[in-house]
Every structure is written in C-alpha cells, then in structure tokens.
Amino acid sequence: SIDIMVHNCWTQMLLELGRRTDKAEETILNRIGDELRKLGDTESAVEIYAKMGKDMGPDMVALHVEAHNWDQAFILVEKNPIFAPLVYLPYAEWLAENDNFVEAQKAFLKGGKPERAFQVLKILTENAVDEQRFQDAGYYYWLLSRQYLNIVSNEGDKSTEIINQFYLYDKYAAIYYAYNAIHRYMEDPFMSYQPETLFNISRFLMNETKNIHLKGISKFAILYSLSKQALNMRAFKLARQILTIIQKLRIPTKYQVHFFS
C-alpha cells in the first residue's frame, strides 16, 4: 500500500498511515518518513521521524532546514551547539535570498563564516550608497572596519593589509556619516543644522576626500555647502576661494539649480 501512495503522491495518506503505525515498526516508519521527504513533505517527515525518536540528530536538523522550520532548528542548536553551522549557514543564505541582508550577516557570523558575513556587509553598504542612505552606509563601513579589527584582535593577524583595511573602512565610515548632513542640506536647505556645524563638516569632508573619489559623494555638494556657510559666517575670502574651485568642477545636473540660482 505504501508503494501505491508513493506512486500517486498521496502524502496525507502516508502521514496518516505513519500515525497509525506502532513505534515498534521502525522499518515501516522509516520508509514512510523517507518517502515523505522525497515527495517534499518535510514537515510530515519530521513528525514521523520524531515518532521514532529521531528528533535530536543531524538528519532531523537537516529536515527542519529543508522545511525552513527555523524556530525548531534553532531549538536543536540550543540543545546541541555543534549543529550551528548546519542551521545558521543555510538560514543566512535563505535570508540573503529574501533580501534580509542585515540578519543574514549576523547568521553567517554565528555559522562560523565571517567571509560570507563580509560579503553580505559589502552588499548592504553598496545598497545604502546606491539608495543615498549615507548614514546607514557610514554605519556599515564602521561594522566592516570592526570586522577587520576583530581579525587583528582575535586571530592575531597583524598583517599590513588587514590593518590598512581597518583604517580605510574606518575613514570611509566617517566620510559617509558626515556626508549625510551635506546631502540633507542640499536636498532641504531649510534643515536645522547650524552654519558652524555645516561649515566644520564641509571642511572636514573637503580635506578627507581631497585625494579619493567615493561613490555617491559629490565634491561639488561639499564645496558648495562650505562656500554658503563661509558667506553666512562672513568669511568672504574663503568663500571666494571655494567658488573659484567650484567653477573648475563639472557641476552635477541635479545641483545646477543651486549654483545658478
């Protein structure tokens, strides 16, 4: 009868048969569980295997993962932490596939795959820049810098490349975090920043971006903000110097209204 049920993909009937079968009939129950799993009804397979007492091993973990029964899988991990990679890595992949990159990054770390966590963080950072969420971009770069710092602290890798990467991402974090204020000012000139604050932020960014070009960072916006705040603070000489520099730049189309108005 099992063969007929399998041939017709009658998973519910297989499950009912498994429920009626005595626990002592392990061969039959195991066959039912295996067939349910092959037919894609992993939740029913889990129920049958659990009836057999196979509710703690790696096979059961794999079944919960296949069924995306993450809560049950995490319970097994809590009881036996050795299963963590079996759960957190596919969980992280599943999160990433569903565009939940923040949680995916955490899951990769828990699953012992820091290199995948790096990749996800970089995706988060790129998305934030593309969407002009510069404060978020700054935060993600800060997280990246701390990942490299952890490598130095925990793994003892003090190579020049790792240390330089820490300083680079730490610098990018500060730039993007600061640039968020400039971006907001350019989008909404009536925002509540004080002239002195914008002046100092603009001056900081002008110095920090002098020899680098970062995606999403407009040097025109930085210099324009600096010149406007210099005028507000009656630093006319500085304002003229900045305007001279601006005239040599290619002004982005979306900012031309600022400069020529």
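Is arginine 133 buried, partly exposed or exposed? In this predicted model, arginine 133 comes out as partly exposed, at 29% relative accessibility. Its side chain is not left unpaired: a salt bridge joins arginine 133 to glutamate 131, with the closest N and O atoms 2.8 Å apart. That pair makes a handy way into the structure, starting with its charged contacts.

Searching the whole structure turns up eight salt bridges. As a general point, side chains of opposite charge can pair when their charged atoms come close. One of the pairs sits within a single helix: glutamate 16 and arginine 19 are both in helix H2, three residues apart, or about one turn of the helix. Residues at that kind of spacing point the same way, because an α-helix has 3.6 residues a turn. The side chains of glutamate 16 and arginine 19 meet at 3.1 Å, N to O. Glutamate 16 is partly exposed, with a relative accessible area of 30%, and arginine 19 also counts as partly exposed, at 43%.

Another salt bridge reaches much further along the chain. Aspartate 130 pairs with lysine 215, and here the closest N and O atoms are 2.7 Å apart. Aspartate 130 belongs to helix H9, while lysine 215 is in the loop between helix H12 (195-208) and H13, so this pair ties together parts that are 85 residues apart in sequence. Aspartate 130 is partly exposed, with a relative accessible area of 46%; lysine 215, at 54%, is exposed. Salt bridges also form a network here, linking Asp3, Arg31 and Glu35.

Back in helix H2 (residues 11-20), there is a buried set to look at as well: Leu14, Leu15, Leu17 and Gly18. These residues cover an arc of only 160° around the axis, which puts them on the same side of H2. Which helices cover them? The cover includes helix H1 (2-7), helix H3 (26-38) and helix H4 (42-51).

H3 and H4 turn up again around helix H5 (residues 58-66), where the cover over the buried residues also includes helix H6 (70-79) and helix H7 (84-97). The buried residues of H5 are Met60, Val61, Leu63, His64 and Val65. After H5 comes histidine 68, which has a positive phi, near 60°.

Helix H8 (residues 101-110) has its own buried residues, namely Phe101, Ala104, Gln105, Ala107 and Phe108. Viewed down the axis of H8, they fall within an arc of 165°, so they line one face of the helix. Just past the end of H8, glycine 112 has a positive phi of about 75°.

Next comes helix H9 (residues 114-130), home to threonine 125. Is threonine 125 buried or exposed? It counts as buried, because its relative accessibility is 3% and the cut-off for buried is under 20%. Setting aside neighbours within four places in sequence, threonine 125 touches Ala137, Tyr140, Tyr141 and Leu144.

A second buried residue worth a look is isoleucine 175, in helix H11. Its relative accessible area is 0%, which means isoleucine 175 is buried. Not counting neighbours within four places in sequence, isoleucine 175 is in contact with Leu205, Glu208, Thr209, Ile212, Leu214 and Ile217. As for glutamate 131, the partner of arginine 133, its C-alpha atom is 16 Å from that of isoleucine 175, and the two residues are 44 apart along the chain.

H11 also takes part in a helix-helix contact. Two packed helices are described by the angle between their axes and the distance between the axes. For helix H11 (residues 160-187) and helix H13 (residues 219-232), the axes come within 10 Å and cross at roughly 75°. This crossing makes H11 roughly perpendicular to H13. On the H11 side, the contact is made by Tyr179, Ile182, Tyr185 and Met186. H13 brings Phe220, Ala221, Ile222, Tyr224, Ser225, Lys228 and Gln229. Taken by type, the residues of this contact are eight nonpolar, two polar and one charged.

Methods
Residues are numbered from 1 along each chain as its sequence is written. This is a predicted model: local features need pLDDT of at least 70, side-chain atom pairs count only at pLDDT 80 or more; totals for chains, interfaces and linings use all residues. Side-chain values use heavy atoms; hydrogens and water are left out. Axes are lines fitted to C-alpha atoms, for helices over the stretch in contact, and angles run from 0 to 180 degrees between N-to-C directions. Helices (H or I, at least four residues) and strands (E, at least two) are DSSP runs, numbered from the N terminus. Angles under 35 degrees count as roughly parallel, over 145 as roughly antiparallel, 65 to 115 as roughly perpendicular and the rest as oblique. Contact means heavy atoms within 4.5 Å. Ala, Val, Leu, Ile, Met, Phe, Trp, Tyr, Cys and Pro count as nonpolar, Asp, Glu, Lys and Arg as charged, and the others, Gly among them, as polar. Buried means under 20% relative accessible area, exposed over 50%, partly exposed in between (1.4 Å probe, protein chains only). The arc is that of the directions from the helix axis to the C-beta atoms. A salt bridge is a side-chain nitrogen of Lys or Arg within 4 Å of a carboxyl oxygen of Asp or Glu.
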